[in-house]
Amino acid sequence: MAAITRVMGPRARWRETTVGEYGSEFLGTFVLIMFGDGAVAMTVAALNQSGRGEELFAAAGDWMLIATGWGLAVALAVYVAGGISSAHINPAVTLAMAVFRDFPWRKVPGYMVAQVLGAFVAGALIYLNYKQAINSFEAANDITRGELNSIASYSIFATFPAEYYSNAAGPFLDEVIGTALLVGIVLALVDEFNEAPRANIGPLIIGFVVFAIGMSFGANSGYAINPARDLGPRLFAWIQGWGEIAVPGDYGNVNGYMWVPIVAPLVGGLVGALVYNFFIHNVLRARAPAAPPPGRVPEEVERPPGYAGPESDE
């Protein structure tokens, strides 16, 4: 019993180490995928197979459901993990923080692994919960899992390029733009020199940012904007029989696609952070008043009436 308490108790020593931060990133990303992929599973398979609706992908309406689900998913995930690890829940954010905000490089691999694992486990639980709906959807639409006609059911878990692309360049650009917007605005929201949101509404605003990205940039590539969000569930989909649709990501019009939602968000996050630093953060720092020497009253501080200076020790 004592051994269990040492490991599982609230005062367990590992909770004070980076392991506690990795656990936070794992759970935060798990929450993100549960609500995000859950919304997609509802849209693709569950609603139209449950008798609660018959149309699949009724374009604007379904996309609104998906974008709303992902926006709320991000907000809730940040609320869950923000107090311990600042809720990166995204390797693109972790990399940008390491390059531009002095986040310790020694923590980067652990954060990224925890994020991918959290996404993988969440993908597995989503499949377990919606397995009957997915099977029913595939049977009703004569879908053979692993063939091109299974992209719809596979899309519950990971992203794919729009049919109007013939190579990866367009989706790559779309992911760079979307992730640059995400990371740049996140940095603005947490910048102590800028107008940071008050009353703990920052996570909700970040959720709105993801919603806006989905509504404005979602169709081209499915707006992964997060390597862990795509890779973890993609690997699970591969294990469950989606085969080359999942890994390496062969879709007919674009093949070997799986590297795009991994590499492009990492590049986009760096671009977004660089642009925000150049135009905003460094300007704010340059304009910030210098801290006065110890014991000296800043000149801009208004002195009260009758102020005669500090008392003398003499």
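Is aspartate 102 buried or exposed? Aspartate 102 counts as exposed, with a relative accessibility of 73%. The legends below walk through this predicted model one close-up at a time.

**Figure 1. The whole chain is built from helices, with 10 of them and 0 strands.** Starting at the N terminus, the elements follow one another as α-α-α-α-α-α-α-α-α-α. The protein chain has 314 residues, and buried residues make up 45% of them. Take the contacts in the chain with a separation of 6 or more: 76% of these join residues 24 or more positions apart. The close-ups that follow pick out a few such places and some local features.

**Figure 2. Helices α4 and α5 run alongside each other in opposite senses, roughly antiparallel.** Helix α4 spans residues 91-100 and helix α5 spans residues 108-140. Their axes come within 9 Å and cross at roughly 170°. Angles over 145 degrees count as roughly antiparallel, and α4 and α5 are therefore described that way. On the α4 side, look for Pro91, Thr94, Leu95 and Ala98. Their partners in α5 are Val108, Tyr111, Met112 and Gln115. Sorted by class, this contact has 6 nonpolar and 2 polar residues, with no charged residues.

**Figure 3. Two loop residues that are not glycine have positive phi values: alanine 87 and aspartate 102.** Alanine 87 sits in the loop between α3 (60-85) and α4. Its phi is near 55°. With a relative accessibility of 9%, alanine 87 counts as buried. Aspartate 102, the residue from the opening question, belongs to the loop between α4 and α5. The phi of aspartate 102 is near 60°. Alanine 87 is thus a buried residue, whereas aspartate 102 is an exposed one.

**Figure 4. Helix α8 has its buried residues along one face.** This helix covers residues 202-217, which makes 16 residues. From its first C-alpha to its last, α8 reaches 22 Å, close to the 22 Å expected at 1.5 Å a residue. Which residues of α8 are buried? They are Gly202, Pro203, Ile206, Gly207, Val209, Val210, Ile213 and Gly214. Looking down the axis of α8, the buried residues fall within an arc of 150°, so they line one face of the helix. Phe208 and Ser216 are exposed on the other side of α8. Another residue to find in α8 is alanine 212. Alanine 212 counts as partly exposed, at 37% relative accessibility. Its C-alpha is 7.9 Å from that of alanine 67, although the two are 145 residues apart in sequence.

**Figure 5. Isoleucine 33 is a buried residue of the model, placed in helix α2.** Helix α2 covers residues 18-49. The relative accessibility of isoleucine 33 is 0%. Which residues are in contact with isoleucine 33, leaving aside its neighbours within four places in sequence? They are Gly38, Trp70, Ala119, Ala122, Gly123, Ile126, Arg229 and Pro233. Phenylalanine 157 is 124 residues away from isoleucine 33 in sequence, yet their C-alpha atoms are 8.9 Å apart in space.

**Figure 6. Glycine 20 is another residue to find in helix α2.** At 12% relative accessibility, glycine 20 counts as buried. Not counting residues up to four places away in sequence, glycine 20 touches Trp14, Arg15 and Ile84. One of these, isoleucine 84, lies 64 residues away along the chain, and its C-alpha is separated from that of glycine 20 by 7.7 Å.

**Figure 7. The loop between α9 and α10 holds proline 248 and aspartate 250.** Helix α9 spans 227-242 and helix α10 spans 260-287. Proline 248 follows a cis peptide bond, the one from valine 247, with omega near 10°. Now turn to aspartate 250. Not counting residues up to four places away in sequence, aspartate 250 touches Leu148, Glu244, Ile245, Asn255 and Gly256. Aspartate 250 and glutamate 147 are 103 residues apart along the chain, and their C-alpha atoms are separated by 9.6 Å.

Methods:
Residues are numbered from 1 along each chain as its sequence is written. This is a predicted model: local features need pLDDT of at least 70, side-chain atom pairs count only at pLDDT 80 or more; totals for chains, interfaces and linings use all residues. Side-chain values use heavy atoms; hydrogens and water are left out. Axes are lines fitted to C-alpha atoms, for helices over the stretch in contact, and angles run from 0 to 180 degrees between N-to-C directions. Helices (H or I, at least four residues) and strands (E, at least two) are DSSP runs, numbered from the N terminus. Angles under 35 degrees count as roughly parallel, over 145 as roughly antiparallel, 65 to 115 as roughly perpendicular and the rest as oblique. Contact means heavy atoms within 4.5 Å. Ala, Val, Leu, Ile, Met, Phe, Trp, Tyr, Cys and Pro count as nonpolar, Asp, Glu, Lys and Arg as charged, and the others, Gly among them, as polar. The expected span of a helix is 1.5 Å times one less than its number of residues. Buried means under 20% relative accessible area, exposed over 50%, partly exposed in between (1.4 Å probe, protein chains only). The arc is that of the directions from the helix axis to the C-beta atoms.
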